[in-house]
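Biologist: I'd like to learn how to read a structure like this one. Could we start with the charged side chains and then move on to the rings?

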Amino acid sequence: MPPTLRTPRLLLDPYTPQDEEGFVALFQDTRVSRWMGDGPSPEADDRALFGRIFTKVYAQDLFDVWAVRRDGLLVGHAEIKRTEAVDGHEIVYALAPEAWGSGLGTELAEALVAYGFRALGLSEVHATVDERNAASLHLLGRIGFAHVRDIEEDDGSLTQVLTRPAR
């Protein structure tokens, strides 16, 4: 299980079974899921993904994944994990649209980066972002990530690989 992390306005803690409806609602919101993985998925797939957080990720201690809460409400999802795509550790995060535009994304990304450097002892942290996701690219650029290369996806779109070295 991942440790609990706190920022000035957010609590990152392990998911509980009671979070399923909030998780599914977040991942079913196409404003969010269009930027996640391969894009929007059927609800049944998102429910199965939620189940695997417990049966695989937590049970086998595969990587750190958190529910992101503000004032006790589930407002997002966060993880840091080793991926082949970046040949290193990648941060993944999503916030519900009602949490956009108030600096919470920056707060969340900074918490994940700090965790990667301090707790995991990483020398660099990566992110992969669809080239059309201007908001995430801007946010990550502001907190020290630099574009290092592109990955061409099967549909012809480009995913940018961004890296932030430890300071």
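Modeller: Sure. Salt bridges come to a count of 11 here, and keep in mind that this is a predicted model.

Biologist: What is the general idea behind such pairs?

Modeller: Side chains of opposite charge can pair when their charged atoms come close. Take R9 and E107: their side chains meet in a salt bridge, 2.9 Å from N to O. That pair ties together distant parts of the chain, with R9 in the loop between β1 (5–6) and β2 (11–13) and E107 in helix α4 (residues 104–118), 98 residues apart.

Biologist: Is E107 buried or exposed?

Modeller: Buried means under 20% relative accessible area. E107 comes out at 14%, so E107 counts as buried. R9, at 29%, is partly exposed.

Biologist: Which residue does R164 meet in a salt bridge?

Modeller: E110, at 3.0 Å from N to O. This one also links distant parts of the chain: R164 sits in strand β8 (residues 158–165) and E110 in helix α4, 54 residues apart. R164 is buried, at 8% relative accessible area, while E110 is partly exposed at 31%.

Biologist: And which residues are joined into one network by salt bridges that share partners?

Modeller: E20, E21, E43 and R47. Within that group, R47 bridges to E20, with the closest N and O atoms 3.1 Å apart.

Biologist: Now the rings. How many aromatic pairs are there?

Modeller: Seven. Planes under 30 degrees apart count as stacked. For F23 and F27 the ring centres are 4.4 Å apart and the planes at 20°, so that pair is stacked. Both lie in helix α1 (residues 20–28), four residues apart, about one turn of the helix. F23 and F27 are both buried.

Biologist: What kind of aromatic pair do F54 and Y58 form?

Modeller: An edge-to-face one, with 5.7 Å between centres and 85° between planes. F54 and Y58 are separated by about one helical turn because they are four residues apart in helix α3. Y58 is buried at 8%, whereas F54 is partly exposed at 25%.

Biologist: Which residues do ring pairs link into a cluster?

Modeller: Y15, F23, F27, F50, F54 and Y58.

Biologist: Last one: which residues form the negative surface patch?

Modeller: D38, E152, E153, D154 and D155. D38 is in the loop between α2 (30–33) and α3 (43–58). Exposed means over 50% relative accessibility, so D38, at 85%, counts as exposed.

Note on methods: Residues are numbered from 1 along each chain as its sequence is written. This is a predicted model: local features need pLDDT of at least 70, side-chain atom pairs count only at pLDDT 80 or more; totals for chains, interfaces and linings use all residues. Side-chain values use heavy atoms; hydrogens and water are left out. Patches are made of residues with over 30% relative accessible area and no salt bridge: like charges are joined within 9 Å, nonpolar side chains (Val, Leu, Ile, Met, Phe, Trp, Tyr) within 5 Å. Accessible areas come from the Shrake-Rupley method with a 1.4 Å probe; for residues, only the protein chains shown count as cover. A salt bridge is a side-chain nitrogen of Lys or Arg within 4 Å of a carboxyl oxygen of Asp or Glu. Lys and Arg count as positive and Asp and Glu as negative; His and the chain ends are not counted. The place of a charge is taken as NZ of Lys, CZ of Arg, CG of Asp or CD of Glu. Helices (H or I, at least four residues) and strands (E, at least two) are DSSP runs, numbered from the N terminus. Buried means under 20% relative accessible area, exposed over 50%, partly exposed in between (1.4 Å probe, protein chains only). Rings of Phe, Tyr and Trp (its six-membered ring) pair if their centres lie within 6.5 Å; planes under 30 degrees apart count as stacked, over 60 as edge-to-face and the rest as tilted.
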